[in-house]
There are 2 protein chains.
Amino acid sequence: MHTLPRVPENEIRNRIARFQTTLQELEADGALITQNVDLYYLTGTMQNGILFVPQTGEPCFYVKKSVTRAEYETILPVQPLGRMRELGGIIETRFGSVKKLAIEMDVLPYGLATRYLGMFPQAEAIDISFPLRLQRAIKSEYELQQIKKAAVYVNEIVASLPGYLQKGKTELELSANIEHVLRLKGNIGIYRMRGYNQELCLGMVASGSAAATPTYFDGPAGGLGVQLASPQGASPKPLKTGEPILIDIATTVEGYLIDQTRMAVIGDLDPEMERAYEVAVSIIREMEQMGKPGVEWQALYLRSLEMAEKAGLSNHFMGYGPDQAKFLGHGVGLEMDELPILAKGFRQPLQEGMVLAIEPKFTFPGRGVAGIENTYLVTKDGLQPLTIAPEEIVRIPE
Amino acid sequence: MHTLPRVPENEIRNRIARFQTTLQELEADGALITQNVDLYYLTGTMQNGILFVPQTGEPCFYVKKSVTRAEYETILPVQPLGRMRELGGIIETRFGSVKKLAIEMDVLPYGLATRYLGMFPQAEAIDISFPLRLQRAIKSEYELQQIKKAAVYVNEIVASLPGYLQKGKTELELSANIEHVLRLKGNIGIYRMRGYNQELCLGMVASGSAAATPTYFDGPAGGLGVQLASPQGASPKPLKTGEPILIDIATTVEGYLIDQTRMAVIGDLDPEMERAYEVAVSIIREMEQMGKPGVEWQALYLRSLEMAEKAGLSNHFMGYGPDQAKFLGHGVGLEMDELPILAKGFRQPLQEGMVLAIEPKFTFPGRGVAGIENTYLVTKDGLQPLTIAPEEIVRIPE
């Protein structure tokens, strides 16, 4: 039936094995996994269903739709879901009694969670979200290969920018160009966020005053957007001479994202933006050295705050004033808001194999946003760039 | 700061007033609204925060980010959110004690819901999702205007199809063309679904055998997709002579969607597909007559099942065999899966002002999907089309 590439079998086996080790540590009898991205990660298929992973032994994927397609896409056992009210009994018959059940409390809606927990009236519920996200934060060689392919696509965009950029063209037109090229390369057109209500619009191309417009999005650069119904990203504002143009682009390969921001300017850049950009680059360089296994996630953010302060740019860092985002970077993988989170209060250590985007940016209301963003792999020697695009500002003659 | 159009003041006032009538009927002291689309509907802004709507009197929007932008975008009172743990006290001080609290149990994640309900330890929680969705199902004149503008854009796509369609071009290339044109018209690039895990990829262009590939998506036509990480919609399959090409397109105006499917063919269409298309059209004609206020939602679905059976196409209707979707149509507005739901078990009556898409489609594994979809307004005389594109199959000479 299909011609699309599948997730390799050993990937799925290894992921399930690591996840079961976590269930054992938590003394959970099993996990009921329902969210589409977690399902894809643990099974290799995103068909609609409920995965039960016991503490030991083979999991079972109970599929609502499409059973045919799930059977092709995953190596795990597939069963038709049947009547939901019978699922608890079916699971306990197959796997034994469930006294402690792990569910994804960060994404599973309250109504559904109540219904699922009702199927196991004897069970205590625990939240598996953070441990599962922590597992997902550490990438395998296969996962890194996908992100590296994505890096090639977003690099090609940067190389093409001189052809796309011209005065008077709108942010939306530039963004639509970029989106079109990435789509033809197989982008799925959806950038997944795990956080409730967080959405990522396709085009994070934002220039000058429009880029400095604050947004609901948990990120440093907002953007005006095209409708109040999606108030972020590219807007109908035309590109002007001398203002910073931020090109914050992602793409997906086998569901894996990369995140990269480059800056462009038509004519001569506002000198204050030029300086802010250099400060952002110096922060990135410092983080590359600091970002080693064992270092607390928050340490990178706190150091970047110090550097922004020393440069006299505290109030502009990661948004302006009350609209500042309180972080420096985020994990990247199947979702754009993965672990680690580089923010105050996160004392967890970096681990080898984590992939994260670091995005120091400075906002100047009414004028623009200057900054940079690379995606990195945590290695024992520090952060190794997965982003391959040159860092230099793309300068277009006026 | 902004130049984007705002939702008119009387819209927001009317929506809040209608919603408060519902709260009174349910004897709820207030509703805690958190989901971004519900927030946009009730406030006019999609900034990140929590809206408290009391049974009577002025609501208050407690905003996390961006307060500046929320103050501009909504006419309702805005307060900075501050510390979450204090919000319960702040709300009860302002609005009085909360004994019965309405929340959106269908979308609010379990972890967050538990936290929010913990702020009101004395309160009984009730689910406001269905009543709020029912209110949203009935569109105002302003809302209809947005959907009518969207109808113009998707009609233009159909008119341009002869220029886009050629043998050997891939589904993905055709889809990328269409997406690019719609994006330039201001499409936000996000098609919102309320259902857990439901996503709508941009390009629902699907042809021949690839269109007949089943998917997890709760819709009749699936599509292979470009990656297993988003297993639906346009695929790398090239367009071939004689097979049905389904062009299921949506776009957004001020967040409002329209949903429309047209069919195209290069050369002569497979006669069985031609016939299935005619049956789909006859179902649509019947529904236009039947769809009057007071008629049960399920009645339309059940009648369409009868018509499919009479045509000998039961097993092909809305997907094939075990992968059939069990519905005929759905409400359309700020989300693609709004009320009403035309499916068995839904005995609620159609109401004047509801907007819905009706999409009879027939799936033939290995060969293709044939069908049509229009968006309609429920009037006392039956369904009035909001879709303006001609229904004829777009025929491209070989």
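1. In this predicted model, the side chain of B:Thr213 reaches two backbone oxygens, that of B:Ser209 at 3.4 Å and that of B:Ala210 at 2.9 Å. B:Thr213 sits in the loop between α9 (208-211) and β8 (245-253) of chain B. With a relative accessibility of 4%, B:Thr213 counts as buried, because the cut-off for that term is under 20% relative accessible area.

2. Strand β2 of chain B, residues 48-54, is mostly covered, with 7 of its 7 residues buried. From β2(B), the residues B:Asn48, B:Ile50, B:Phe52 and B:Pro54 point one way, while B:Gly49, B:Leu51 and B:Val53 point the other way, and all of them are buried. A reader following the side chains along β2(B) will therefore find buried residues pointing both ways from the strand, given that buried means under 20% relative accessible area.

3. Strand β1 of chain B, residues 30-33, runs antiparallel to β2(B), and 4 bridges join the two. Within this pairing, B:Gly30 stands opposite B:Pro54 of β2(B), and B:Ile33 has B:Leu51 of β2(B) as its bridge partner. Both faces of β1(B) are covered as well, since B:Gly30 and B:Leu32 on one side are buried, as are B:Ala31 and B:Ile33 on the other.

4. Which strand pairs with β1(B) in the parallel sense? That strand is β5 of chain B, residues 100-103, which pairs with β1(B) over 3 bridges. In this parallel pairing, B:Leu32 stands opposite B:Ile103 in β5(B).

5. β2(B) is also joined to strand β3 of chain B, residues 60-65, by 5 bridges, and these two strands run antiparallel. The bridge partner of B:Phe52 in β3(B) is B:Cys60. The hairpin of β2(B) and β3(B) has 5 residues between the strands, and in it B:Gly57 takes a positive phi near 90°.

6. Helix α10 of chain B covers residues 271-290, and its length can be checked by simple arithmetic: at 1.5 Å a residue its 20 residues should span 28 Å, and the end C-alpha atoms are 29 Å apart, which agrees. At the start of α10(B), a side-chain oxygen of B:Asp270 reaches to within 3.0 Å of the backbone nitrogen of B:Glu272. The buried residues of α10(B) include B:Met273, B:Glu274, B:Ala276, B:Tyr277, B:Val279, B:Ala280, B:Val281 and B:Ile283, and among the others listed as buried are B:Ile284, B:Met287 and B:Glu288. For reading such a list, it helps that an α-helix has 3.6 residues a turn, so residues three or four places apart point the same way.

7. For chain A, UniProt lists residues 15-138 under "domain: Creatinase N-terminal", and the entry is unreviewed. In the model, the end C-alpha atoms of this span lie 11 Å apart, and the span is 43% helix and 23% strand.

8. How are the two chains related? Chain B can be laid on chain A with an RMSD of 0.0 Å by a turn of 180° and a shift of 0.0 Å along the axis, which is the relation of a two-fold axis. The same surface serves both copies, as 100% of the contact residues of chain B recur in chain A.

Note on methods: Residues are numbered from 1 along each chain as its sequence is written. Chains are lettered from A and ligands numbered from 1 in the order in which they are written. This is a predicted model: local features need pLDDT of at least 70, side-chain atom pairs count only at pLDDT 80 or more; totals for chains, interfaces and linings use all residues. Side-chain values use heavy atoms; hydrogens and water are left out. Copies are superposed by least squares on the C-alpha atoms of residues with pLDDT of at least 70 in both. Contact means heavy atoms within 4.5 Å. Buried means under 20% relative accessible area, exposed over 50%, partly exposed in between (1.4 Å probe, protein chains only). Two strands pair if DSSP finds at least two bridges between them. The expected span of a helix is 1.5 Å times one less than its number of residues. A polar contact is a pair of N or O atoms within 3.5 Å; within protein, one must be able to donate a hydrogen and the other to accept it, and residues adjacent in sequence count only if both atoms are side-chain atoms. UniProt positions are given in the numbering used here, feature names are shortened, and annotations may be inferred rather than shown by experiment.
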